[in-house]
Amino acid sequence: MGRITLHGVTKNFGDTEVIRPLDLEIEDGEFVVFVGPSGCGKSTLLRLIAGLEDVTAGRIEIDGVDATGVPPAKRGLAMVFQSYALYPHMSVRKNIAFPMRMAGLDKAEQNRRIESAAAALNLTDYLDRRPGQLSGGQRQRVAIGRAIVREPAAFLFDEPLSNLDAALRVGMRMEISELHTRLKTTMVYVTHDQVEAMTMADKIVVLQHGVIEQVGSPLDLYREPRNLFVAGFIGSPKMNLMTGEEAERRQAATMGIRPEHITASPTEGLWQGTVGVSEHLGSDTFFHVHLDGRADPVTVRAGGEVSLHHGDMIYLTPDESRIHRFDAQGMRLA
Amino acid sequence: MARAISTRRMALNTAIAWTIGAMIFFPILWTFLTSFKTEAQAIADPPVFFLFDWTTENYTTVQERSNYFRHFWNSVVISVGSTLIGLAIAIPAAWSMAFVPSKHTKNILMWMLSTKMLPPVGVLVPIYLIFRDLKLLDTQFGLIIVLTLINLPIIVWMLYTYFKEIPGEILEAARMDGATLRSEVLYILLPMAVPGIASTMLLNIILAWNEAFWTLNLTAAKAAPLTAFIASYSSPEGLFYAKLSAASTMAIAPILIMGWFSQKQLVRGLTFGAVK
């Protein structure tokens with residue numbers, strides 16, 4: 001079981017309020033991602049759940065039991081750190097065995113769990129090496145192995161992939177998702193990368209300045225961002241946000257339209273502009289279009305092999321049903 | 001970027017380095033040579049270097065007159081004892097300063113260091129009187145206490161800098177893995193800090209071995225270490241240079257040999273964390 005509930009959790013560092021009073025429900029078996037820009041308090045929130053930081057006010061419950069004052073060792077959670085935090089003086093085997101040794105498990109059970117974790121994580125050949133002799137990806141797998149063998153109530157991941165190179169990151173992302181499917185254990189995952197959040201999460205918690213901006217499934221957040229911040233943060237490339245005449249025409253202070261919901265045509269359309277920078281990804285092309293009479297360029301997604309050049313004339317038509325409207329306070333209009 | 005240094009410049013630098021090295025080493029060499037001279041040759045003017053009648057007579061006389069091994073043993077007990085007790089106190093202190101600092105940690109560290117700026121003679125009388133009343137004068141135990149206290153600031157400072165180098169996340173990982181504070185220190189922190197602890201230990205043994213002010217003032221015969229053994233051959237008349245040199249050579253030899261074998265560890269320890 002791994003149901004985590006936060007009631008009015010607050011954290012101050014000196015006079016700085018890092019986490020404002022905050023309520024959150026994490027269901028058993030859920031994959032929850034905390035996402036937000038750096039300094040939004042997402043890592044602090046994770047450390048509060050872990051018990052590595054003390055809450056200033058509020059209550060943390062794990063499986064219905066108040067865990068607020070319980071030391072990290074006794075919360076039954078496992079954590080994977082950004083720096084992997086392996087014990088450099090121990091072999092991989094001993095690293096993975098450490099939590100079981102602390103729990104006083106018998107040797108045979110320890111070995112059984114080590115072998116099965118190593119097999120699942122492709123570490124069998126490396127069990128007798130030291131962390132220093134492993135690559136970044138292998139180290140991260142050791143850290144995950146060390147977490148798995150505890151059979152924790154929940155896994156906590158603190159930006160586990162940000163020290164890996166891009167290709168490895170995609171691979172590890174899949175491995176962690178697969179792990180979650182297999183173990184069905186609650187996972188709480190912190191990242192600043194919204195792509196990681198979108199691809200892995202059952203539920204995303206978007207944070208800014210220590211406040212939850214929105215909680216929801218990736219597609220909820222994509223389809224119905226509650227405010228301008230979430231609209232701009234979720235989705236890649238970012239949603240195009242416009243103020244002025246176009247927004248007013250739709251009875252909004254700000255309107256937003258995602259690059260993939262605009263149709264581009266060389267001959268006709270609602271908006272006229274010229275092509276600026278284009279990014280060819282092969283499968284897609286993103287054009288940054290300068291509309292007549294607007295300062296900020298609009299990003300548009302087109303097919304992979306559309307060939308338009310810098311300075312070409314282009315016409316854009318937004319899909320009216322996909323337009324997001326926001327009021328003057330930046331909140332979504334129904 | 002590597003700088004190009006001309007051969008001539010290199011030769012000059014080498015010559016200067018060797019000259020400075022020789023100047024530093026000269027007193028030790030001179031003491032060593034003098035210890036094999038007769039008392040007359042030891043004060044000969046002009047001094048003789050190698051062309052004298054080598055004799056081990058001084059060593060025999062020194063050993064006959066005073067029991068070298070008793071002093072040697074006192075030195076070992078006092079320097080090793082004070083270092084071990086110092087480490088036992090300093091490890092928890094440095095742990096708390098490095099990993100759970102409060103806003104006063106820096107001030108406490110500075111205050112500890114400031115005690116080393118006080119001339120020891122300033123507290124000689126009170127300490128002497130306390131030692132007299134507690135019957136600690138001329139005891140190994142008394143010297144261990146005073147040397148522990150004197151070197152404690154250095155031990156804490158050195159360990160603090162080593163511990164600062166250990167990433168806090170590793171200790172947090174241990175906590176998440178279910179380690180109690182005791183297991184965290186015993187299985188994670190100490191094994192990772194072994195190089196630092198070893199060089200702290202070596203340096204403090206050397207400092208305690210060579211400490212002369214307190215060892216001379218608080219001992220008479222029973223607990224007197226090698227510093228007192230040397231001092232007993234320096235008479236105001238100054239007629240026993242050769243014997244004094246023999247005593248000095250015997251006193252510094254053990255620590256010099258230890259230093260020689262552990263120099264790699266010492267240098268690494270002293271420069272640890274200097275480049276980061």
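Student: Which residue is the bridge partner of Val32(A) in S8(A)?

Tutor: Good place to start, and keep in mind that this is a predicted model. Val32(A) has Val188(A) of S8(A) as its bridge partner. Val32(A) belongs to strand S3 (residues 31-35) of chain A, which pairs with S8(A) in the parallel sense over five bridges.

Student: And which strand other than S3(A) pairs with S8(A)?

Tutor: That is strand S7 (residues 154-158) of chain A, which also runs parallel to S8(A), with five bridges. Here Leu156(A) is the residue opposite Val188(A). Val188(A) therefore has a partner in S3(A) and another residue facing it from S7(A).

Student: How do I read the two faces of a strand?

Tutor: The general idea is that side chains in a regular strand alternate between the two faces of the sheet. Now look at strand S8 (residues 186-191) of chain A. Thr186(A), Val188(A) and Val190(A) lie on one side, while Met187(A), Tyr189(A) and Thr191(A) lie on the other.

Student: Are those two faces of S8(A) covered or open?

Tutor: Both are covered. Six of the six residues in S8(A) are buried.

Student: What do S7(A), H5(A) and S8(A) make together?

Tutor: They make a β-α-β unit, and it is right-handed. The helix in that unit is H5 (residues 166-183) of chain A.

Student: How can I check the length of H5(A)?

Tutor: Count residues and allow 1.5 Å for each. The 18 residues of H5(A) should span 26 Å, and its end C-alpha atoms are 26 Å apart, so the two values agree. Just after the helix comes Lys184(A), with a positive phi near 55°.

Student: What about a residue in a helix of chain B, such as Val80(B)?

Tutor: Val80(B) sits in helix H4 (residues 68-99) of chain B. For helices in general, there are 3.6 residues a turn, so residues three or four places apart point the same way. Val80(B) counts as partly exposed because it has 16 C-beta neighbours inside 10 Å, and a residue needs 20 or more to be buried. Its C-alpha atom is 42 Å from that of Asp45(B), a residue 35 positions away along the chain.

Student: How is chain A divided into domains?

Tutor: Domain 1 covers 4-231 and domain 2 covers 242-326. Their centres, taken over C-alpha atoms, are 38 Å apart. Four residues from domain 1 of chain A and four residues from domain 2 of chain A take part in the contact. On the domain 1 side, the touching residues are three nonpolar, one polar and no charged.

How values were computed
Residues numbered from 1 in each chain as written. Chains lettered and ligands numbered in written order. Predicted model: local features only at pLDDT ≥ 70, side-chain atom pairs only at ≥ 80, totals over all residues. Helix = DSSP H or I, 4+ residues; strand = E, 2+ residues; numbered from the N terminus. Buried ≥ 20, exposed ≤ 12 C-beta atoms within 10 Å, placed from the backbone. Pairing = 2+ DSSP bridges. Right-handed = clockwise from strand over helix to strand, strands pointing away. Expected span 1.5 Å × (residues − 1). Domains from an automatic or database assignment. Contact = placed C-beta atoms within 7 Å. Nonpolar A, V, L, I, M, F, W, Y, C, P; charged D, E, K, R; others polar.
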